[in-house]
Amino acid sequence: MDGREASGERRGMTAAVPAVDVAALLEEARTARGHAYAPYSGFTVGAAIALDDGTVVRGANVENASYGLSLCAEAVALASAHASGVMGRALALAVVGDSASAPSGVAVTPCGRCRQMLVEAEHVAGRALAIHSAPASASGLEGAVRHAVADLLPHAFGPGNL
Ligand code: THU
């Protein structure tokens, strides 16, 4: 496997969905993790959203002395994509996170709130988004897992319910 995948290519219909370089996207998330502000939990997370033109939108968790106000890396990346007007061009999201002081080496998947945000992101993008997780301390695709949003949050409440 070389880290590239054709997600949702529809032959004979509209233009094919571009392939996502998952290894590179995970590295983007690792770079974003370096910008996390997590002085309270010490758990630093980075996220990266792949767009259909090959560019990437990054996010990192941003904590606050009022703990409950903390923002997840995925939420920051999604909000940034919205703010840049490119949410409709998203293909996939990668996330990596771990304790900075005592790394577990585990691949982190999005929290419940972020899963709900991802349901909405799929609605805006008009396609299923692949969610890639891998250990923060690994490199490339080492230990990477892929999930569908519908698997992360089955039976979701969404725009179709309103
Ligand atoms: N966090 C994320 O950024 N994404 C997740 O998917 C899980 C949790 C952050 C929130 C908080 O700043 C820290 O990790 C510990 O929960």
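Q: Where does Gly54 lie in this chain?

A: The general idea is to locate a residue by the elements on either side of it, where helices (H or I, at least four residues) and strands (E, at least two) are DSSP runs numbered from the N terminus. Gly54 lies in the loop that runs between strand 3 and strand 4. Please keep in mind that this is a predicted model, in which local features need pLDDT of at least 70 and side-chain atom pairs count only at pLDDT 80 or more, while totals for chains, interfaces and linings use all residues. Residues are numbered from 1 along each chain as its sequence is written, and side-chain values use heavy atoms, with hydrogens and water left out.

Q: How many helices and strands does the chain have, and which pattern do they follow?

A: The secondary structure comes to four helices and seven strands, and along the sequence these follow the pattern β-β-α-β-β-α-β-α-β-β-α. The radius of gyration, taken over C-alpha atoms, is 15 Å, close to the 15 Å that the globule rule (2.2 Å times the number of residues to the power 0.38) gives for 162 residues, so the chain is as compact as a globular protein of that length. Along the principal axes, the C-alpha atoms fill a box of roughly 50 × 40 × 30 Å.

Q: How many bridges join strand 3 to strand 4, and how many join strand 3 to strand 5?

A: Two strands are said to pair if DSSP finds at least two bridges between them. Strand 3 (residues 43–51) is joined to strand 4 (residues 56–60) by five bridges, the two running antiparallel, and strand 3 is also joined to strand 5 (residues 90–99), again antiparallel, by nine bridges. On the strand 4 side, Ala47 stands opposite Gly59 and Ile49 stands opposite Val57, whereas in strand 5 the bridge partner of Leu51 is Ala90. Strands 3 and 4 form a hairpin with four residues between them, and Gly54 in that turn has a positive phi of about 90°.

Q: Which residue has a positive phi although it is not a glycine?

A: As a general guide, most residues other than glycine have a negative phi. Here His155 has a positive phi of about 55° although it is not a glycine, and its place is in the segment after helix 4 (149–152).

Q: Is Gly54 buried or exposed, and how do Gly46, Val20 and His155 count?

A: Buried means under 20% relative accessible area, exposed over 50%, and partly exposed in between (1.4 Å probe, protein chains only). Gly54 is exposed, with a relative accessible area of 65%, and His155 likewise counts as exposed at 82%. By contrast, Gly46, whose place is in strand 3, counts as buried at 0%, and Val20 in strand 2 (residues 20–21) is buried with a relative accessible area of 3%. Strand 3 is mostly covered, since eight of its nine residues are buried, and for the whole chain 42% of the 162 residues count as buried.

Q: How far apart in space are the C-alpha atoms of Gly46 and Ala77?

A: Separation along the chain and separation in space are best read side by side. The C-alpha atoms of Gly46 and Ala77 are 31 residues apart along the chain and separated by 8.8 Å, while those of Val20 and Leu93, 73 residues apart in sequence, are 10.0 Å apart. For Gly54 and Ala32, 22 residues apart along the chain, the C-alpha separation is 17 Å.

Q: Which residues surround the ligand?

A: A residue is near a molecule if one of its heavy atoms lies within 4 Å of it. The ligand is surrounded by Ser41, Phe43, Val45, Asn61, Glu63, Cys72, Ala73, Glu74, Thr109, Pro110 and Cys111, and strand 3 and helix 2 (73–83) each supply at least two residues of this shell.

Q: Which polar atoms lie 3.0 Å, 2.5 Å and 2.9 Å from an oxygen atom of the ligand?

A: A polar contact with the ligand is a pair of N or O atoms within 3.5 Å. A polar side-chain atom of Asn61 lies 3.0 Å from a ligand oxygen atom, one of Glu63 lies 2.5 Å from a ligand oxygen atom, and a polar backbone atom of Ala73 is 2.9 Å from a ligand oxygen atom. Taken alone the ligand exposes 380 Å², of which the protein buries 78%, with areas from the Shrake-Rupley method and a 1.4 Å probe.

Terms used. Polar contact = N/O pair within 3.5 Å; in protein donor to acceptor, adjacent residues only side chain to side chain.
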